[in-house]
Amino acid sequence: MTEEHRQLKGGTFQNRYLIKATLTAKTPFHIGDGETITRKGMRDEEKNKDHQINSVATDGKGRAYIPGSSLRGALRDWLCLSYDGMTEKLEEARKKMDEIRDDKNKNQQEKDDAIVDFVMKNSSALERIFGTQQNEGKLEVWDAYCTSKVETNIDEYGQLCFWHKDRITYVAKSVAIDPETGTAEEGKLYNFELVPAGAAFEVNFSAQNLSENEPALLIEVLNGFNHPTNPITIGAMTKLDLGKFCISDFKIHHLDSMNIDKWREIAKTTTDIRAGYDIIADSRFEIKKEELKTLNKATLPAPKFVAKNVENWLLNLETPLVIRNGTFAGWNNSAKPKTRNYKMEFKWNATPQEMVTSFAQVGDLYHSLEIKGDKVVPYYHVPSSSIRGSLRAWTIEHLLPKEWWNMEDKIKESDFPNNKPDYLDNIISLFGFAIEGAKKGISKEYTKAGRLTIQVDRFGSNQTSPDVDGADWKGGNDFGPSNAERQIKPRNPLDRITHAAKEGGLHNFLEFSKGQKLSLAIEILKPDKPEQGVFDQKLLEHWKSEINSGEIRFGGLTGIGRGRAKVITRTVIESVKKEAINDKI
Amino acid sequence: MTKFSNSFDKLKEIDTTGLKEGIPYTPPPTKASPISQHKGTLPEGRSKTIIQITAAKNRKTRMEYDEWLSKEPTEDHNPNPFDFVFLSNHPALYSDEEIKHFEQTQDLFSGHLEIELTALTPVHIVGTQVPSSPGHSIERSNFYKESSDYCIPGSSIQGMLRGFIEALTNGWISQAQEKEDPDPAYSKSDGQTNPQGRHIGFDSFKVTENTHSNGKKSFIGPGILPVYRPDRTMGIDISSYLFGIISKEKGLSRKHKVEIEDAFFQKEALKDFPMVDINNTAFMGGAHPSASNWWYMIPKVILERRTGNGHHVMELVGEGFWGRKFYFHQNPVECINFYTNSQQWPSNLKRPIYEYNAACLKEKNKVCFNIYVKRLPKAMLDLLCLCLMPGENIRHKLGYGKQYGYGSVDFKIKKALMRKEKKDSPFDLLKEEEWEFKAYNPCRWEARKDLKIAEKSIIDESSLKNLARILNWQPTESILFSYPPNSKKYFQTPIRYPEDFKPLRLDGLIGNNLSEKNAIDVARQLWSTKKTIHFHLYQARAKRYKEIVMKREP
């Protein structure tokens, strides 16, 4: 590569690119701002305090946005993981640069020139594009603002997940279940804001002095959002299938020596509020599609082997599945006393007042929101965290001694590494683990990101009303999301003394009906140690076997047989090389 | 000061001296048994004597009652369709240490049992209930369905099994009517709007204060000894160990070890059977426990009360439920025929009895379902299996219409697919699971002595005998069980004062605590006026009760 090709951002002007596109959330995402907020209606009446919600980063108008730094970090990580040679070479050459700095035979200018020269000659494309401590990166990533306009009003009752129109977010909950008690672990119930799927953001990337293959590489990286098997993800909880996007509507603008005179001319005469390099956004600088093909892709670095195992599991629900989200729909199941399921009414999003006057509560199923047009629309689904939680609970209960089921407490109190149980490291490596407040060194050693990602597809059904015997509905019902087959299940405990129905004991809730299919994509990043890989594979075998034998169930109310599934197909997908998808622009 | 028995020890000592003349008194609230401050309004009546709180000291057993009642003459009425498994002074609980030790000394099993349920009599689980033309309430009751398939819910089977095991092992009473403090579960009614309502409000677990129209207050003890209210800080009972318990105390909830699935069957197994109900009121046979009689409650005191019409009547006050209610098996067709024949069971014109059809799982039909267990100690697995197949004589009752003989079921364990779980070493990932099909050898009642935790027998002998009496399945005996009719000398008949009471020279008993034996004497003497005074006297004098029912064994 010539010196010209190794230009840095601050070198002689060679070219400038401005890439504009639309980034649309395929799954909800959470880019936290480290703060907590409260939401009207979300209150713990027992403790007489508002629920705290981990909030997302918002722009000056209070709307969720994607900070340029988050976007830039995600692109950098992805490039680093996906291509050969995308390493931090300058870190390795730090000693050499220190020698230049310490060279007493050079004055400061000579030292600076020598450092620049060294960086130009020794940096990787990753370092030139994204920068290092020595050099500013060629790529600028701007904050991405939301372009979606949603008219759905704020929800204060919970059925629409406390949707906040102005923040463009809703609230999700996560809880860890204690394997011993089967209940929520103390202090492990979290509320967090999510930006719904369907939210669109305008993204702007500008780059200066891109040389040789770097324009093609940059576009390749941006297309990483659309990568079928190894997409770029942004934000937190990506192991729970959050933070996936698709990128579209590319517009690539280009300025170089060939058209810089045009730019100067426009800059002199324009009345546009845009100025300087922003003028490149003018259509006169846009690269046509056919020109894109001329970008030099021949010398792109080789894509890395995607070091993960991917399996698709298709599960059949052998019994109903109950995954609650803590909210209620309204149901009136009889128009007369001593009758049931007669001239019924259903109002999925009934107000608290309507609940008191007209309806009985029906516990609702887990649902989330997505943006469609100018509305947020709810949809039922099985959260990845539920599947992951059941698999993790089984793994801990069966592979660790009982006194280790509370791993966090045990690790904190233990004298490592003398009494560490078998499989502890394997479990932590696979699922990841976070520990705070442990002895020095312990937190660092045992805090891991984990290698397991589970993606759960939405149910593909279309059932307007929930199934209930009789199906005798009055008109004018609001049945809520229809993308899952569901049924109303009544429970009515009897007083053990009188055998009368327990007053206030009758309750109804929705269940995902049996017979539905649940599609899981299980991805496990390949471990460093081969024996960990053996553990991963054996564990997958046992999970399948234990699901099929009813030992692993999903969701709640397993005591009355809910949540048993059967793995009907298991497709092991070969790890694939990253595909170049540049042509899809 | 009144001393209370150990069973009431959570109430500590309650100073009742101030109760004598209705001096307002606020007993100290306690965590386990909050004191109600309920203030209902009094109907046009008054309580002559203030009821003092007492504990059911040394509760009497079924054996004692049998002894007292074994020589009663037999009358011409049928025994009541339900009876009680007597409660003890305290439940059988086990500490977490005892449970931990128990688990360490037992093999733990996971797997599932394939169960075949056979309907011995038609079984009805209420699904859709269609209203009928004016004058009747229900036209027909369909069988419960899920996802368009007929099914007996796993939750119904679990409820039945849990209730049986709670009784058998003298466990907590996990489901009982309760209202938020200060309201009692069974409220004192407003006499103006509901003259038929309760004169004495009471609660399942807490002491209840009633304020009467003359401003005086009375207190009545709980229907159930508060120690029977689930409280994990006191230990755990067998049912909660098997089926799980949610505790408000941190870390004390316990996940279930038994999972019961729904039992599905085809439409061809259904057939319509007649069911009866009373029009214009609550469901026939619906429980209406009252502290103003001795039908559900242990006799406590006799009071005199002035009604809204100015009549003086006797109020036979009870305190504390007899026990846990279970229904006898009987032939439903004969039972329904009995009710619908007005000559035998006179119907009230204002609230006539009517018949409707209910879709039932036909007798002799079989339905299969699975019960899963998770790391269940061997003794608990044996107990579970024993309770599913409780010997030659005992069968369960399930679903709606138990009072008429519906819902008698038999369970057979067809197959058990189990594996022994490792306790000390982890699951061996490199090996296939060792599932074993086991031919199930039914545990018998004779083996119950082996079912122990910390040297304490899991099965409560007295409760077993009670259960065996009620749930005995002997179709050849053809005993008919029916509710007392709505006619003279039964529930609707008051005991007037002085006409019915004074000639018996029982005045001296009014207002004083009554022994249970004395209460039987009072009921005997009032028999010709009213038969439905004392539950156990009524049963003992019923047709074929002493000869057959009283002699039943597990």
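A salt bridge is taken here as a side-chain nitrogen of Lys or Arg within 4 Å of a carboxyl oxygen of Asp or Glu. In the predicted model described here, Asp98(A) and Arg101(A) form such a pair, with their closest N and O atoms 3.3 Å apart. The pair meets the criterion because 3.3 Å falls within the limit of 4 Å. Both residues belong to helix H3 of chain A (residues 94–102), where they are three residues apart, about one turn of the helix. Over all chains, a search of the whole structure finds 68 salt bridges.

Two open sheets of chain A are considered next. One of them contains four strands in the order S19-S22-S13-S23, and its pairing is antiparallel. Strand S19 (452–456) and strand S23 (565–573) of chain A occupy the edges; each has a single partner strand, so one side of each is left without a neighbour in the sheet. From one strand to the next, the twist of this sheet averages 20°. Within it, strand S13 (residues 308–317) and strand S22 (residues 517–525) of chain A are antiparallel and are paired over nine bridges. Lys308(A) has Leu525(A) in S22(A) as its bridge partner. Helix H10(A) packs on this sheet and touches S19 and S22 of chain A, and the direction of the helix makes about 130° with that of S19(A).

The other sheet is built from five strands of chain A in the order S15-S14-S16-S21-S20; this sheet is also open, and its pairing is mixed. Its edges are formed by strand S15 (345–347) and strand S20 (486–491) of chain A, each of which has a single partner strand, so one side of each is left without a neighbour in the sheet. The twist averages 35° from one strand to the next. Strand S14 (residues 324–332) of chain A runs antiparallel to strand S16 (residues 360–365) of chain A, and five bridges join the two. In this pairing, Arg324(A) stands opposite Leu365(A) in S16(A). As a general point, strands of a sheet pair through backbone hydrogen bonds, either parallel or antiparallel.

In chain B, strand S5 (residues 145–146) and strand S6 (residues 149–152) pair in the antiparallel sense over two bridges. Glu146(B) is placed opposite Asp149(B) in S6(B). The two strands, S5(B) and S6(B), make a hairpin with two residues between them, and Ser147(B) in the turn has a positive phi of about 50°. S6(B) also pairs with strand S10 (residues 263–265) of chain B, again in the antiparallel sense, through three bridges. Cys151(B) stands opposite Phe264(B) in S10(B).

Chains A and B meet in a contact that takes 59 residues from chain A and 81 residues from chain B. The area buried between the two chains is about 5,500 Å², and carbon and sulfur atoms give 49% of this area. Lys338(A), Arg496(A) and Ile497(A) together supply 18% of the area that chain A buries against chain B, more than any other three residues.

Charged and polar pairs are found across the interface of chain A and chain B. The rule identifies 13 salt bridges there. Glu259(B), for example, forms a salt bridge with Arg553(A), and their closest N and O atoms are 2.7 Å apart. Across the interface of the two chains, 34 residue pairs are in polar contact, with both residues at pLDDT 80 or more. On the side of chain A that touches chain B, the elements giving two or more residues are helix H10 (384–399), S20 and helix H14 (530–548) of chain A. H14(A) gives the most, with six residues. The residues on this side of chain A divide into 17 nonpolar, 19 polar and 23 charged. H10(A) thus appears in two settings: it gives residues to the side that touches chain B, and it packs on the four-stranded sheet.

Two backbone features in loops complete the description. In chain A, Phe162(A) has a positive phi of about 50° although it is not a glycine. Phe162(A) is located in the loop between strand S8 (144–146) and strand S9 (170–177) of chain A. In chain B, a cis peptide bond joins Tyr497(B) and Pro498(B), with omega about 10°. Pro498(B) lies in the loop between helix H7 (461–470) and helix H8 (516–525) of chain B.

Definitions and conventions. Residues numbered from 1 in each chain as written. Chains lettered and ligands numbered in written order. Predicted model: local features only at pLDDT ≥ 70, side-chain atom pairs only at ≥ 80, totals over all residues. Heavy atoms only, no water. Pairing = 2+ DSSP bridges. Axes fitted to C-alpha atoms, helices over the stretch in contact; angles between N-to-C directions. Contact = heavy atoms within 4.5 Å. Buried area = accessible area lost by both parts, 1.4 Å probe. Polar contact = N/O pair within 3.5 Å; in protein donor to acceptor, adjacent residues only side chain to side chain. Nonpolar A, V, L, I, M, F, W, Y, C, P; charged D, E, K, R; others polar.
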